[in-house]
Amino acid sequence: MTDVMQFAAVQTDEIYTERARKLIALIVQAKADPMAEVVELLKKADELRAGNVDQRLAALLLEIGVNAPDRTILFAQDKMADSIGASRSFVSTILNGWKRDGVVSSFGRKLKIDSVSRLQKIARG
């Protein structure tokens, strides 16, 4: 093998090695970012699942509703239930009690927080 051929072979190996390193770095980065998102979502889920269902539901409503215009949000009971690890029927029962107590009110698929302080008290336990 001539010096030129050896030089070309070494250069080719270095180019492929560098490309392989870049590819591995991209794969690791691509896998790391979604994992970080998953970890954050799991942490958030754990926070929401702490306490009883009333506390978790109150915390969820405070998180999504306090800064909403007129403290009114569009909601689906099944999605709220899934978010806090409860059944839809249990969420419905809790919300109906809160409606009777003046904590929240609803109009179709809209839910309004009527008493932030009472909801905060429920969330704290």
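In which strand is the place of Ser106? Ser106 sits in strand S2, and we will come back to this serine after a look at the whole chain. Please keep in mind along the way that the model is predicted.

Let's start with the overall layout. The chain holds five helices and three strands, and reading along the sequence gives the pattern α-α-β-α-α-β-β-α. The chain has 125 residues, of which 26% count as buried. If you take the contacts in the chain with a separation of 6 or more, 57% of them are accounted for by residues 24 or more positions apart.

Now for the inside. In soluble globular proteins, nonpolar side chains tend to be buried together. Here the largest nonpolar core has 22 residues, and those touching the most other members are Leu57, Leu61, Leu95 and Trp98. Two or more residues of this core come from each of helix H2 (53–65), helix H3 (77–84), helix H4 (88–100) and strand S3 (110–113). H2 gives the largest share, six residues. Leu95 is a good place to centre your viewer: beyond its neighbours within four places in sequence, Leu95 is in contact with Leu57, Leu61, Phe75, Gln77, Val104 and Leu111.

Leu95 also takes part in the packing of two helices, H3 and H4. The axes of H3 and H4 are 8 Å apart, and the two helices pack at an angle of about 105°. An angle of 65 to 115 degrees counts as roughly perpendicular, so H3 and H4 are roughly perpendicular to each other. On the H3 side, the contact is made by Gln77, Asp78, Met80, Ala81 and Ile84, while H4 brings Arg88, Val91, Ser92 and Leu95. Sorted by class, this contact of H3 with H4 has five nonpolar, two polar and two charged residues.

Back to strand S2, which spans residues 104–107 and includes Ser105. Is Ser105 buried or exposed? Its relative accessibility is 17%; because buried means under 20%, Ser105 counts as buried. The side chain of Ser105 is joined to that of Asp114 by a polar contact of 2.9 Å. Outside its neighbours within four places in sequence, Ser105 is in contact with Lys99, Lys110, Leu111, Lys112 and Asp114.

Ser106, by comparison, has a relative accessibility of 26% and so counts as partly exposed. Which side chain does a polar contact join to that of Ser106? The partner is Lys99, at 2.9 Å. Setting aside neighbours within four places in sequence, Ser106 is in contact with Phe75, Lys99 and Leu111. There is also a C-alpha separation to look at: Ser106 and Leu74 are 32 residues apart along the chain, and their C-alpha atoms are separated by 9.6 Å.

Our last stop is a piece of backbone. Asp70 lies in the loop between H2 and strand S1 (72–74), and Arg71 has its place in the loop between H2 and S1 too. Although Asp70 is not a glycine, its phi is positive, about 55°. Arg71, a residue other than glycine, likewise has a positive phi, near 55°. As for accessibility, Asp70 has a relative accessible area of 63% and is exposed, whereas Arg71, with 30%, is partly exposed.

Technical notes: Residues numbered from 1 in each chain as written. Predicted model: local features only at pLDDT ≥ 70, side-chain atom pairs only at ≥ 80, totals over all residues. Heavy atoms only, no water. Helix = DSSP H or I, 4+ residues; strand = E, 2+ residues; numbered from the N terminus. Buried < 20%, exposed > 50% of the residue type's maximum accessible area, 1.4 Å probe, protein only. Polar contact = N/O pair within 3.5 Å; in protein donor to acceptor, adjacent residues only side chain to side chain. Contact = heavy atoms within 4.5 Å. Core = buried A, V, L, I, M, F, W, Y, C linked by side-chain atoms within 4.5 Å. Axes fitted to C-alpha atoms, helices over the stretch in contact; angles between N-to-C directions. Parallel < 35°, antiparallel > 145°, perpendicular 65-115°, else oblique. Nonpolar A, V, L, I, M, F, W, Y, C, P; charged D, E, K, R; others polar.
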